[in-house]
Amino acid sequence: MRVVIAGGHGKIARLLERELAGRGDQAVGLIRNPDQSAALAAAGAQPVVCDLERADLTEVAGHLAGADAVVFAAGAGPGSGAARKDTVDRAAAALLADAAQQAGVRRYLLVSSMGVEDAPRPGTDEVFAAYLRAKKAAEDDLIARDLDWTVLRPGRLVDEPPTGRISLARHAPSGPVTRTDVARVLVALLYAPATTGMILELVGGNTPIAEAVSSVTDRPPN
């Protein structure tokens, strides 16, 4: 499987690239900074320099040629302001979806966030509120498209060793999840086309990843 990953230098993306390479799949990471190329190569991925805040549709679609799936794992990141939450977390996700449709790539996984369904509470930090709104807008844009999409909403991300055990459902209780477990769930979702059209929340739990993914395809998510 050839998978193109937007935000290819992010923590989850590099873990995903390693997981895919370990399976013998081909991971392609879209990066803004060419200095990040060596890190992607070390993760077993093919680096492609493409700034999704500046690239046009034709350029991005060209990078998706021959792909079996795309994963949007990009984010404006810590220290960015509200404006970049919109240009990266929303607009870049929509551009990737446009490019996927133009390139004929149907499978699209969007890494979103728990907490986007509710309006930000009064007093919420302005930038964090902008982030939640941008993620929700990206979801809304994607689910309206004729693509084989799955939205994954992880809980609080931590850099601890993976447990391999998760809770995966339409609505999951708040909690942490390791970034490695998120990457492994993304791989499982790529190989589970029956999760198309699902919005799934993910936190650490008691169920092995393969079993959890199989379970949501056997019955409607909670």
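In this predicted model, L57 counts as partly exposed, with a relative accessibility of 30%. The residue belongs to helix α3, which covers residues 57–63. Beyond its neighbours up to four places away in sequence, L57 touches L95, D98, A99 and Q102. For one of these partners, L95, the separation along the chain is 38 residues, while the C-alpha atoms of L57 and L95 lie 6.7 Å apart in space. The value of 30% falls between the limits of 20% and 50%, so L57 is classed neither as buried nor as exposed.

D98, one of the residues touched by L57, also takes part in a salt bridge. Its side chain meets that of R145, with an N to O distance of 2.7 Å. This pair connects distant parts of the chain: D98 sits in helix α4 (residues 82–103), R145 lies in the loop between α5 (126–143) and β6 (148–154), and 47 residues separate the two. The partners also differ in how they are covered: R145 is buried at 14% relative accessible area, whereas D98 is partly exposed at 31%.

A second bridge that links distant parts of the chain joins D159 and R179, whose side chains meet at 2.8 Å, N to O. Here D159 is placed in the loop between β7 (156–158) and β8 (165–169), while R179 is in helix α6 (residues 179–190), the two being 20 residues apart. In this case the acidic partner is the open one: D159 is exposed because its relative accessibility of 53% is over the 50% limit. R179, in turn, is buried, with a relative accessible area of 17%.

What does R54 form with D51? The two side chains form a salt bridge, and their closest N and O atoms are 2.8 Å apart. R54 is exposed, with a relative accessible area of 68%, but D51 is buried at 16%. The value for D51 is under the 20% limit, and D51 therefore counts as buried.

These pairs belong to a wider picture of charge. Side chains of opposite charge can pair when their charged atoms come close. Over the whole structure, the search finds 17 salt bridges. Some residues are joined in a network of such bridges, namely E117, E139, R153, R170 and E201. In total, the protein carries 24 positive and 27 negative side chains, and the centres of the two sets are 3 Å apart.

Two further residues give a view of the buried part of the fold. I5 lies in strand β1, residues 2–6, and is buried, with a relative accessible area of 0%. Leaving aside neighbours within four places in sequence, the contacts of I5 include A13, L16, E17 and L20, along with A27, V28, G29 and L30. V71 and A73 are also in contact with I5. By comparison with these contacts, K136 offers a reference point elsewhere in the chain: I5 and K136 are 131 residues apart in sequence, and their C-alpha atoms are separated by 20 Å.

V187 is found in helix α6, the helix that also holds R179. V187 is buried, with a relative accessible area of 7%. Setting aside residues up to four places away in sequence, V187 touches L16, E19, L20 and R23. Of these, L16 and L20 are also among the contacts of I5. V187 and V60 are 127 residues apart in sequence, and their C-alpha atoms are 22 Å apart in space.

It remains to place these local details in the overall fold. The secondary structure comprises seven helices and eleven strands. Along the principal axes, the C-alpha trace spans about 45 × 40 × 35 Å. How does the radius of gyration relate to that of a compact globule, and what is its value? A compact globule of 222 residues would have a radius of gyration near 17 Å, and the 16 Å of the protein agrees with this. Buried residues account for 49% of the 222 residues. The accessible surface comes to about 9800 Å², with 49% of that area belonging to carbon and sulfur atoms. Finally, among contacts between residues at least 6 apart in sequence, 68% join residues at least 24 apart.

Definitions and conventions
Residues are numbered from 1 along each chain as its sequence is written. This is a predicted model: local features need pLDDT of at least 70, side-chain atom pairs count only at pLDDT 80 or more; totals for chains, interfaces and linings use all residues. Side-chain values use heavy atoms; hydrogens and water are left out. Helices (H or I, at least four residues) and strands (E, at least two) are DSSP runs, numbered from the N terminus. The radius of gyration is taken over C-alpha atoms; the globule rule is 2.2 Å times the number of residues to the power 0.38. Buried means under 20% relative accessible area, exposed over 50%, partly exposed in between (1.4 Å probe, protein chains only). Contact means heavy atoms within 4.5 Å. Accessible areas come from the Shrake-Rupley method with a 1.4 Å probe; for residues, only the protein chains shown count as cover. Lys and Arg count as positive and Asp and Glu as negative; His and the chain ends are not counted. The place of a charge is taken as NZ of Lys, CZ of Arg, CG of Asp or CD of Glu. A salt bridge is a side-chain nitrogen of Lys or Arg within 4 Å of a carboxyl oxygen of Asp or Glu.
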